[in-house]
Amino acid sequence: MRKMTLGSVACIAALLAFGASAVESAQTVTYRTVGPLAIPADIFRPVGPGPHPVVLWIHGGALVFGDRGMLPGEQRERYLRAGLAVVAIDYRLAPETKLAGILEDLEAAHAWLQRDGPSLGLDPARLAVVG
């Protein structure tokens, strides 16, 4: 039996709260591991054949708080209805992680999308970063 992570529960709750009409599929994956810490991303794919252009969404919080679950459902739905996939990421936060480590996480997310995006139905050549 698989354990559900808090991120998976948040992803499902967001879909139920805001409706899933524009979402063909949603999943939570680990895009980077630092020591024992798995850093997750939520991937939302629109209805229709891919590969889909991608919105990489980086949460706010002045680098000291927040998570990928802060993406407003209405904003996500607008992207999906426009045919864009949405990838919302977490990253390590300050002050436990210095700015260089946070930037490494963001660069790792971009590199992961470039490398693994096509196998996930995403088109990393058509990428916008929002946050």
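A residue is called buried when its relative accessible area is under 20%, exposed when that area is over 50%, and partly exposed in between. The exercises below apply this and a few other criteria to a predicted model.

**Exercise 1. Overall layout**

Task: State how many helices and strands the protein has, in what order the elements run, and what percentage of the residues is buried.

Solution.
- Step 1. The protein contains 3 helices and 5 strands.
- Step 2. Read from the N terminus, these elements follow the order α-β-β-β-α-β-α-β.
- Step 3. Of the 131 residues, 41% are buried.
- Step 4. The exposed surface of the protein amounts to about 7100 Å², and 62% of this comes from carbon and sulfur atoms.
- Step 5. Among contacts with a separation of 6 or more, 65% involve residues 24 or more positions apart.

**Exercise 2. The strands around β2**

Task: Determine which strands pair with β2 and in which sense, and how many residues of β2 are buried.

Solution.
- Step 1. Strand β2 spans residues 37-46, and 8 of its 10 residues are buried, so the strand is mostly covered.
- Step 2. On one pairing, β1 and β2 run antiparallel over 10 bridges. Within this pairing, V34 stands opposite L37 of β2.
- Step 3. The two strands β1 and β2 form a hairpin with 2 residues between them. G35, in the turn, has a positive phi of about 60°.
- Step 4. Strand β2 also pairs with β4 in the antiparallel sense, over 4 bridges. Here A41 is placed opposite I89 of β4.

**Exercise 3. Classifying an aromatic pair**

Task: Decide whether the rings of Y31 and W112 are stacked, edge-to-face or tilted, and identify the elements that the pair ties together.

Solution.
- Step 1. Two values are needed, since a pair of aromatic rings is described by the distance of the centres and the angle of the planes.
- Step 2. Ring centres must lie within 6.5 Å for a pair to count. By this rule there is 1 aromatic pair.
- Step 3. The ring centres of Y31 and W112 are 6.1 Å apart and the planes meet at 40°, so the pair is tilted. The limits that apply are under 30 degrees for stacked and over 60 for edge-to-face.
- Step 4. Y31 belongs to strand β1 (residues 23-34) and W112 to helix α3 (residues 99-116); the pair therefore ties together parts that are 81 residues apart in sequence.
- Step 5. Y31, with 6% relative accessibility, is buried. W112 is likewise buried, at 4%.

A further ring takes part in a contact of another kind: R76 lies over the face of F44, 4.9 Å from the ring centre.

**Exercise 4. Two loop residues, D90 and H59**

Task: Locate D90 and H59, establish whether D90 is buried or exposed, and list which residues D90 touches.

Solution.
- Step 1. D90 is situated in the loop between β4 (85-89) and α3, whereas H59 is found in the loop between β3 and α2 (73-81).
- Step 2. The relative accessibility of D90 is 14%, so D90 is buried. H59 has a relative accessible area of 3% and is therefore buried.
- Step 3. Leaving aside residues up to four places away in sequence, D90 touches Y31, I39, P40, H59, D67 and R68.
- Step 4. The side chains of D90 and R68 are joined by a polar contact of 2.6 Å.
- Step 5. With the same exclusion, H59 touches F65, G66, D67, R68, M70, I89, D90, Y91 and L93.
- Step 6. The C-alpha atoms of D90 and W57 are 9.4 Å apart, although 33 residues separate them in sequence.

**Exercise 5. A glycine between strands**

Task: Assign G48 to its loop and to an accessibility class.

Solution.
- Step 1. G48 is in the loop between β2 and β3 (52-58).
- Step 2. With a relative accessible area of 23%, G48 is partly exposed.
- Step 3. G48 and G83 are 35 residues apart in sequence and 7.9 Å apart in space, C-alpha to C-alpha.

Terms used:
Residues numbered from 1 in each chain as written. Predicted model: local features only at pLDDT ≥ 70, side-chain atom pairs only at ≥ 80, totals over all residues. Heavy atoms only, no water. Phe/Tyr/Trp six-rings, centres within 6.5 Å; stacked < 30°, edge-to-face > 60°. Buried < 20%, exposed > 50% of the residue type's maximum accessible area, 1.4 Å probe, protein only. Lys NZ or Arg CZ within 6 Å of the ring centre and 35° of its normal. Polar contact = N/O pair within 3.5 Å; in protein donor to acceptor, adjacent residues only side chain to side chain. Contact = heavy atoms within 4.5 Å. Pairing = 2+ DSSP bridges. Areas by Shrake-Rupley, 256 points an atom, 1.4 Å probe, with all protein chains shown as cover.
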